[in-house]
Amino acid sequence: MEAFNTYTTPLSSRYASKEMAHLFSPANRFYTWRVLWLNLAIAERELGLPISEEAIEQMKANLHLTPEQFETAAQEEKKRRHDVMAHVHTFGTVAPAAAGIIHLGATSCYVTDNADLIFLRTGLTYLINSLAVLISRLSVFAEEHRALPTLGFTHFQPAQLTTVGKRATLWIQELLWDLRNIQRARDDIGFRGVKGTTGTQASFLALFDGDHQKASSIMFSQWVEDLDKRVTELSGFSYAYPVTSQTYSRKVDIDVLAPLASLGATAHKIATDIRLLANLKEMEEPFESTQIGSSAMAYKRNPMRCERVCSLSRHLMVLHQNALMTSSVQWFERTLDDSANRRITLPEAFLTADIVLSTLQNVSEGLVVYPKVIAKRISQELPFMATENVIMAMVKAGGDRQEAHEQIRVLSHEAAHQVKNLGLENDLIDRIRANPYFDPIKGHLDALLDPASFIGRAPEQVDTFLKDWVVPALAPKELQEAIQQSKKVELSV
């Protein structure tokens, strides 16, 4: 019962994937700290500091925290008011041979900031893979419905026809841009490395009495630079930021959260389109046989998945503002007013993006299209759209363009009166058939009104887009493996 008496964020308790929730968990965070301390000790030992093999082995054997160690760390933090030193002490109790060298020469940001960079890079990789799967699913949908005519809308007013598949390519194109932007952000992330309290690496030189020449002559030239490079390498990064203050620049957080906010805008647009189409009864998100749409109105089929996407996407979009404001107020080499904000903002951004993508994937895997409803709506609007074709056909049959235009104008207004004032069906075509003036083309009216003749190159655009843009974007081995290993998303709530 205790778990039900304490607030927990619904991001992790209700919605997020296990992988993303674990990434930002205390267990993974403090495990990563210990890995970073181990990497530092290994590099320092390789470069000549007196660190024993026993110390290294004890550290390696105790990277994962037990429940007892979590309790010890909590007690230490309460006493010391310092989370990093609490965990330095706790690690030392299970690796006593290393107790005196854990965190040697480092500042707190060595573990906190470097760990965050690891989490950011890993989290972006998770999102990239999820995004590739979503694009793949929607591409199948676009191809399936490449030539299905549907009414286009501008200003949410009836416009020229498009196809269901072509409309889906508009969603996919924006997702491709999100994929590009997130890949760029991930690939640009560096490592903070070992930089010391204000970024000067003075603490590491102090290990050799502050003698730069002496430090450079021990085993390797430019010892401190070699240490920075070696720890960076051991931690899986190709480069470290060349200069830092005590922290890595919080502008990195801006660069990471910006494409996630942009993804939120894309997801909100897609989900909104589907919600509007659901109102028109042309398309619906999945709806289980036992699902309840409304506690009062039993007949309702509310688009709750897309509504959730919109709700969380708005949250995702505004989190970027936190990163902007935090970066702007980092005085000189650092202030601590970033810490509490980032503890909330960074995990929430990734958990939210993860949920948005998994929910959209669930929607894409069960989208239902209603061609007959679509055809009925087309039949209500197409007669007006086809008037220009009718006029041109009359001219080809020897008629006068101005006279044909006047005849169509009168009949169109009569039909509009039927629709708008009397609530009746659009009978413009029946009026044309009944008017002797149009006798020369009455045998061609069905062809002139074929919806397929109003969709332009939409099917070919879908084919070209999928072939020339989607296939290359999803070609990398990393994305292909993600797509091949993916499973259908089942929502728990």
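Is Asn435 buried or exposed? Asn435 has a relative accessibility of 17%. Buried means under 20%, so Asn435 counts as buried. Keep in mind that this is a predicted model.

Now find Asn435 in the chain. Asn435 sits in a loop. Helix α18 (428-434) comes before that loop, and helix α19 (445-448) follows it. Look next at what the side chain of Asn435 does. One polar contact, at 3.2 Å, links it to the side chain of Gln407. A polar atom of the Asn435 side chain also lies 2.9 Å from the backbone nitrogen of Tyr437. Then set aside the neighbours within four places in sequence. Asn435 is still in contact with Gln407, Leu411 and Lys442.

Move on to Gln69. This residue belongs to helix α5, which covers residues 67-80. Gln69 has a relative accessibility of 9%, so it counts as buried. Its side chain and that of Arg34 are joined by a polar contact of 2.7 Å. Arg34 also appears among the residues that Gln69 touches, along with His64, Thr90 and Val94. That list leaves out residues up to four places away in sequence.

Now turn to the surface. Phe332 lies in the loop between α13 (304-328) and α14 (339-364). Its relative accessibility is 78%. Exposed means over 50%, so Phe332 counts as exposed. Phe332 is also part of a nonpolar surface patch with Val329 and Trp331. Together, these residues have about 420 Å² of accessible area.

What about a residue in between? Ser12 is in helix α1, residues 10-15. With 38% relative accessibility, Ser12 counts as partly exposed. Ser12 also gives a sense of distance across the model. Ile455 is 443 residues away from Ser12 along the chain. The C-alpha atoms of Ser12 and Ile455 are separated by 44 Å.

Finally, look at the strands. How do β1 and β2 run? They run antiparallel, and five bridges join them. Strand β1 covers residues 149-154, and strand β2 covers residues 157-163. Take one bridge as an example: Thr150 has Thr162 in β2 as its partner. The two strands form a hairpin, with two residues between them. His155 is in the turn, and it has a positive phi of about 60°. One general point helps when you look at strands. In a regular strand, side chains alternate between the two faces of the sheet.

Conventions: Residues are numbered from 1 along each chain as its sequence is written. This is a predicted model: local features need pLDDT of at least 70, side-chain atom pairs count only at pLDDT 80 or more; totals for chains, interfaces and linings use all residues. Side-chain values use heavy atoms; hydrogens and water are left out. Helices (H or I, at least four residues) and strands (E, at least two) are DSSP runs, numbered from the N terminus. Buried means under 20% relative accessible area, exposed over 50%, partly exposed in between (1.4 Å probe, protein chains only). A polar contact is a pair of N or O atoms within 3.5 Å; within protein, one must be able to donate a hydrogen and the other to accept it, and residues adjacent in sequence count only if both atoms are side-chain atoms. Contact means heavy atoms within 4.5 Å. Patches are made of residues with over 30% relative accessible area and no salt bridge: like charges are joined within 9 Å, nonpolar side chains (Val, Leu, Ile, Met, Phe, Trp, Tyr) within 5 Å. Accessible areas come from the Shrake-Rupley method with a 1.4 Å probe; for residues, only the protein chains shown count as cover. A salt bridge is a side-chain nitrogen of Lys or Arg within 4 Å of a carboxyl oxygen of Asp or Glu. Two strands pair if DSSP finds at least two bridges between them.
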